[in-house]
Amino acid sequence: MGRRLGSSGLSSFAIALEAWRRGLEVTFTAPELHLYSISDGTTTIDFNFARPDSLTPRADYLRLDRKGETNQILARHAIPSPRSILLETSNTTYEQLRELGLIMGYPLVLKPNQGSMGRGVFSNLNDWNELRDAFHELTVMLKQDTILLERHHGGDDYRLLVIGNRVVGAVKRIPANIVGDGRSTIEELIAIKNNRRTRNPFLGSGLIKVDYEVRKCLTDQGLTIDTIPRKNQQVTLRRVANASAGGDVQDVTETIPDAIKEAAIRAVRVLPNIHIAGVDVLYDGSEETNYVIIEINSRPQIGVNMYPSIGTGRDVPKAILDSFFPSSSRPTGDSFKTIRFDPSAVRNLFAEGLASKLTLPALPKHGFPFRQRYLFDSESGSVQLRPYSGRTIKKLARIGGISGKITSRPDGALELFVAASSESAAQPLVDKVSDFCGQSAQLSAWDGIVTVGFRIT
């Protein structure tokens with residue numbers, strides 16, 4: 001896949017891939033692939049990551065970006081949300097802030113009025129010293145012009161994904177943490193956990209970074225990054241629970257109370273032209289009415305529901321396409337589940353100035369039923385392909401409608417992976433590679449991911 005898609009880019013790729021597999025037309029209009037359209041020939045919808053932009057006017061999604069305004073809308077509709085005060089940092093003195101803290105009552109939350117991914121959110125501030133330090137960090141270090149002072153609410157952090165009039169996924173977000181092994185320092189345990197996270201398509205873009213918030217959280221527990229926690233001791237590293245800030249994610253779609261789901265749906269319903277939303281809820285589990293909605297995101301990262309740390313991932317792309325293009329459907333046959341387009345190839349065309357708009361070629365309806373791996377061993381020396389050989393092979397692949405790749409292995413052997421409509425369609429290419437290598441190949445089934453196109457690496 002080349003360069004990592006990122007947590008937001010994963011949303012674009014997953015939705016576009018689902019649409020492409022369904023036979024819908026997918027057109028990209030930006031090099032980072034975040035802007036794209038999906039069409040069935042009658043209806044066309046423009047997307048910005050996971051947000052259907054052509055259905056959501058700018059004024060409507062900007063309303064959600066301004067968290068203070070979102071709180072006011074929810075309050076007007078009697079939907080539980082935090083009491084909050086919007087502060088212009090240039091007009092707010094430390095003395096005024098201190099007075100507001102006393103009026104609001106501790107504990108408090110201080111965060112940017114506009115922002116995402118939990119950046120700059122300071123929660124559970126218990127006294128003036130903590131409030132002052134958070135204000136300094138937001139104004140001096142992060143240079144925020146407007147910030148939101150909120151009453152802190154207890155409870156666990158949940159993200160509910162609302163599409164249309166239903167919740168298609170819900171996760172509990174757990175603040176970044178590590179578990180001691182009795183030998184490693186906190187810094188070493190963070191590195192170990194980050195290494196694990198890189199293997200998750202979504203969490204790999206939200207590694208734990210040792211910054212002001214982490215160091216402050218450790219100090220509050222009497223720890224430093226050099227501390228060696230005892231075996232099985234859990235150490236919290238942040239107060240915010242966002243996966244993008246290193247938090248863990250547990251799927252709770254089947255267990256979260258219906259009352260919380262209904263509240264999330266109602267919150268989205270009172271917001272004009274919002275068709276997809278990530279609704280953030282604090283809920284302490286004691287009573288179904290003891291919750292507050294703290295934020296609503298019009299461009300949610302759907303990977304948080306697709307690839308949780310714990311529990312079952314949810315098929316969000318299917319839910320999105322079913323909602324917007326109900327007459328479309330996935331092709332039958334398991335082979336289509338392992339076919340994809342190459343986002344790096346699309347990005348490269350934009351980067352090289354060869355495209356300003358790109359429509360993906362239609363997925364072959366046969367689904368590449370013939371898939372084979374050919375190994376040309378290196379017993380008689382390293383197997384090499386000359387430049388003109390590569391051009392010939394790519395031409396044969398194009399003529400035969402073949403996808404796959406040729407890979408040179410460290411031991412000098414050559415691997416050929418072929419996906420085609422039939423064995424007869426693949427044979428001319430296989431024969432030519434055999435001729436170039438001067439030997440026949442060892443055959444085995446290829447059950448990996450098929451990326452449409454042919455590459456020589």
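The largest cavity in this predicted model has a volume of about 160 Å³. Rolling a probe the size of a water molecule over the atoms reveals where space is left empty. Counted with a threshold of 30 Å³ or more, the structure holds 2 cavities.

The lining of the largest cavity comprises 14 residues, of which F122, S123, E213, K216 and R239 are the closest to the centre. Three elements each supply two or more residues to this lining: strand 7 (122–125), helix 5 (128–141) and helix 7 (212–220). Among the contributors, helix 7 gives the most, with 4 residues. In terms of class, the lining of the largest cavity is made up of 7 nonpolar, 6 charged and 1 polar residues.

From the empty space, the description turns to the packed side chains. The largest nonpolar core contains 50 residues, and those with the most contacts inside this core are F28, I38, I302, I320 and F341. Helix 1, which spans residues 6–21, is the greatest contributor to the core, with 8 residues.

I302, one of the residues with the most contacts inside the largest core, illustrates how distant parts of the sequence meet. Once neighbours within four places in sequence are set aside, I302 is in contact with S11, A14, I15, A50, L161, V316, P317 and I320. Within that list, S11, A14 and I15 fall in the range of helix 1, residues 6–21, while I320 is itself named with I302 among the residues richest in contacts inside the core.

Apart from the largest core lies another, of 26 residues, including I79, V252, L271 and V279.

How values were computed
Residues are numbered from 1 along each chain as its sequence is written. This is a predicted model: local features need pLDDT of at least 70, side-chain atom pairs count only at pLDDT 80 or more; totals for chains, interfaces and linings use all residues. Side-chain values use heavy atoms; hydrogens and water are left out. On a 1 Å grid over the protein atoms alone, a cavity is a set of points where a 1.4 Å probe fits but cannot get out, and a pocket is an open set with protein on both sides within 12 Å along at least five of seven lines; lining residues have an atom within 4 Å of a point. Grid points are joined across faces, edges and corners, and a volume is the space filled by probe spheres set on the points. Ala, Val, Leu, Ile, Met, Phe, Trp, Tyr, Cys and Pro count as nonpolar, Asp, Glu, Lys and Arg as charged, and the others, Gly among them, as polar. A nonpolar core is a set of buried Ala, Val, Leu, Ile, Met, Phe, Trp, Tyr and Cys residues joined through side-chain atoms within 4.5 Å. Buried means under 20% relative accessible area, exposed over 50%, partly exposed in between (1.4 Å probe, protein chains only). Contact means heavy atoms within 4.5 Å.
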